[in-house]
Amino acid sequence: MLRIRNLSFSYRNKKILDNVTFSAQKGELIAILGPNGAGKSTLLKCIAGILKCQGVEIFSKPLEQYTRRDLARIVGYVPQRIDPGMLNVYNLILLGRKPYVSVSPSKEDIEIVNRVVERLNLQHLVFQRAKNLSGGELQKVSIARALVQEPEILLLDEPTNNLDPKNQIEIMEIVQDFVKSRKMALVVMHEINLALRFADRFIFMKDGKIVRDGERSILTPDLFWEVYGVNGVVKEILDTPVFVLRGKESPGSRENAG
Ligand SMILES: Nc1ncnc2c1ncn2[C@@H]1O[C@H](COP(=O)(O)OP(=O)(O)OP(=O)(O)O)[C@@H](O)[C@H]1O
């Protein structure tokens, strides 16, 4: 579905992505993790077609061969922040149908928007000015706008940032639901515990490179040390895998790490 091959990207001669290679399939919810500045957002922007890069293929077709409109029907991108402008919530979400609308929204466009509004419990907000929403509400609206695009791939950049725990879970459940309908999501995130709970696969980046890619078993003390320079470990607590941050000192002995 998505194939990234030897993707490199530079900002004014500064290499930000360095030979990134991975593939992803339908049904995968992939967490992209790593320290600040690792290149995670840049990677999403390349896949979303916002930054011009070579090495991204979707459904075996190079990204640069898609028109903007066609790409928007396949890839939904939720940035860290959106500028809501002066629109009300309903019209902001309706913007997501733009790749399908020729003159004015059809009955089907309206039905799709209404369905997503209901699914995300946004009914009470639809007539509000989007700029007056709380951070969590605006984040949901931004996700709704991407969902009404009916994309195959959802790219989310730190969608749970600044959200309270209940909203964090709600947002990740929405993404999980999306993936269950034979779609795929790449989610840039810093909350390791949320990733442990929701992701099927973990891609860790550092200095523009993928340093590890795999299932939960890759989240070892060595990995936390290598990627973040912290002493951390995943423990089962009440049948739930939990990331425990022990400090900044090296994990040192095996005993200390376990
Ligand atoms: N428009 C830009 N011009 C120049 N450099 C940029 C630009 N955008 C990002 N960078 C640089 O690219 C590097 C990677 O940034 P990016 O936002 O992709 O990292 P990230 O892993 O998403 O970080 P964070 O977790 O802090 O959001 C950083 O060093 C950043 O300063």
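Tyr-11 has Lys-14 of strand 2 as its bridge partner. The model is a predicted one, in which local features need pLDDT of at least 70 and side-chain atom pairs count only at pLDDT 80 or more, while totals for chains, interfaces and linings use all residues. Residues are numbered from 1 along each chain as its sequence is written. Helices (H or I, at least four residues) and strands (E, at least two) are DSSP runs, numbered from the N terminus.

Strand 1 (residues 2-11) and strand 2 (residues 14-24) run antiparallel and are joined by seven bridges. Two residues lie between the strands of this hairpin, and Arg-12 there takes a positive phi near 40 degrees. Strand 1 is also joined to strand 4 (residues 56-58), again in the antiparallel sense, by three bridges. Across this pair, Ile-4 stands opposite Val-56, and Arg-3 stands opposite Glu-57. Strands are taken to pair if DSSP finds at least two bridges between them. Four strands thus paired form an open antiparallel sheet in the order 2-1-4-5. Its edges are strand 2 and strand 5 (61-62), each of which pairs on one side only. Helix 1 packs on this sheet and touches strand 1, strand 2 and strand 4; its direction makes about 65 degrees with that of strand 2. Angles run from 0 to 180 degrees between N-to-C directions, and axes are lines fitted to C-alpha atoms, for helices over the stretch in contact.

The ligand is surrounded by ten residues named here in full: Tyr-11, Ile-16, Gly-34, Asn-36, Gly-37, Ala-38, Gly-39, Lys-40, Ser-41 and Thr-42. A residue counts as near the ligand if its C-beta atom, placed from the backbone, lies within 6 Å of it. Helix 1 (residues 40-47) supplies the largest share of this shell, three residues. By class, the shell holds three nonpolar, six polar and one charged residues. In this classification Ala, Val, Leu, Ile, Met, Phe, Trp, Tyr, Cys and Pro are nonpolar, Asp, Glu, Lys and Arg are charged, and the others, Gly among them, are polar.

A further open sheet contains six strands in the order 6-7-8-3-9-10, with mixed pairing. Strand 6 (75-78) and strand 10 (209-214) are its edge strands, each pairing on one side only. On average, neighbouring strands of this sheet are turned by 15 degrees against each other, direction ignored. Strand 6 pairs with strand 7 (residues 153-157) in the parallel sense over four bridges, and Tyr-77 stands opposite Leu-155 in strand 7.

Helix 5 (residues 135-147) packs with helix 6 (residues 165-180) at an angle of about 5 degrees, the axes being 11 Å apart. The two helices, helix 5 and helix 6, are therefore roughly parallel to each other, a term used for angles under 35 degrees, with over 145 counting as roughly antiparallel, 65 to 115 as roughly perpendicular and the rest as oblique. Gly-136, Gln-139, Lys-140, Ile-143 and Leu-147 of helix 5 make the contact with Asn-167, Ile-171, Ile-174 and Phe-178 of helix 6. Residues are in contact if their C-beta atoms, placed from the backbone, lie within 7 Å. Five of the contact residues are nonpolar, three polar and one charged.

Terms used
Two residues are in contact if their C-beta atoms, placed from the backbone, lie within 7 Å.
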